[in-house]
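Tutor: Have a look around before we talk. I'll answer whatever you ask, one piece at a time.

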Amino acid sequence: MFLDVVASLFALILGLAGVIRAWQMRYKGRVDLISDWDNRPLPDAAAHAADFARVYGWIGTVLLGMPVVLWVGLPILAWTAILGVIVWYWFAAIDAIADRARSLRR
């Protein structure tokens, strides 16, 4: 039960952070948040704000719903594997957008 609570809090914190960051990128115009994983700003970051916000928003929303799946009865090991794939996809999607932004610059 303790691991379920800790894992749920972790997913909720990541999900809330993703949704807040998406909102800041999309509606507050915070182009300073649009960067790759090495925190290097992208060329023409404003052009990619919608893509970044979409990734952060959707994955953040999915992560906010993950504790419900755990509480319904999915075993913690399977839940952790699903969470790992979702977080990996988050990293891969941001990396793909950053690579596309840099290739368009050339």
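**Three helices, question by question**

Student: D51 and R54 share a helix, so to speak; how many residues apart are they?

Tutor: Helices here are DSSP runs (H or I, at least four residues; strands are E, at least two), numbered from the N terminus. Both residues lie in α2, and their spacing comes to about one turn of the helix. The number you want for D51 and R54 is three.

Student: Before we go on, what kind of model is this?

Tutor: Numbering starts at 1 along each chain as its sequence is written, and side-chain values use heavy atoms, with hydrogens and water left out. Local features need pLDDT of at least 70, side-chain atom pairs count only at pLDDT 80 or more, and totals for chains, interfaces and linings use all residues, since the model is predicted.

Student: How close do the N and O atoms of D51 and R54 come?

Tutor: Side chains of opposite charge can pair when their charged atoms come close. The cut-off for a salt bridge is a side-chain nitrogen of Lys or Arg within 4 Å of a carboxyl oxygen of Asp or Glu. D51 and R54 form one, and their closest N and O atoms are separated by 3.1 Å.

Student: Which other residue makes a salt bridge with D51, and how far along the chain is it?

Tutor: The other partner is R100, with closest N and O atoms 2.6 Å from each other. R100 sits in helix α3 and D51 in helix α2, so this pair ties together parts of the chain. D51, R54 and R100 end up linked in a network of salt bridges. The partner is R100, and the separation in sequence is 49 residues.

Student: Is R100 buried, exposed or partly exposed?

Tutor: Buried means under 20% relative accessible area, exposed means over 50%, and partly exposed is in between (1.4 Å probe, protein chains only). R54 is at 44% and so counts as partly exposed. R100 has a relative accessible area of 38%, so its class is partly exposed.

Student: How many salt bridges does a search of the whole structure find?

Tutor: One of them joins R30 and D32, whose closest N and O atoms are 3.0 Å apart. R30 is partly exposed because its relative accessible area is 32%, whereas D32, at 53%, counts as exposed. Over the whole structure, the search gives four.

Student: Which residues form the aromatic pair?

Tutor: The structure holds one such pair. Its rings are edge-to-face, 5.4 Å centre to centre with 80 degrees between the planes, and they belong to Y56 and W90. The pair links distant parts of the chain, 34 residues apart: Y56 in helix α2 (residues 49-72) and W90 in helix α3 (residues 76-105). For the cut-offs, rings of Phe, Tyr and Trp (its six-membered ring) pair if their centres lie within 6.5 Å, with planes under 30 degrees apart called stacked, over 60 edge-to-face and the rest tilted; the pair is Y56 and W90.

Student: And are Y56 and W90 buried or exposed?

Tutor: They have a good neighbour for comparison in F52, also in helix α2. F52 has a relative accessible area of 0%, so it is buried. Y56 and W90 are likewise both buried.

Student: Which residues does F52 touch, leaving aside neighbours within four places in sequence?

Tutor: Contact means heavy atoms within 4.5 Å. The C-alpha atoms of F52 and A93 are 8.7 Å apart, although 41 residues separate them along the chain. The contacts of F52 are M25, I34, S35, L42, I94 and I97.

Student: What distance separates the end C-alpha atoms of α1?

Tutor: The expected span is 1.5 Å times one less than the number of residues. For the 26 residues of α1 that gives 38 Å, which agrees with the model. The end C-alpha atoms of α1 are separated by 37 Å.

Student: Which residues of α1 are buried?

Tutor: Not I20, which lies in α1 but counts as partly exposed because its relative accessibility is 42%. Just after the helix, G29 takes a positive phi of about 70 degrees. The buried residues in α1 are A7, S8, A11, G15, G18, A22 and M25.

Student: To finish, in what order do the elements of the protein chain run?

Tutor: The chain has three helices and zero strands. Of its 106 residues, 35% are buried. From the N terminus on, the order is α-α-α.
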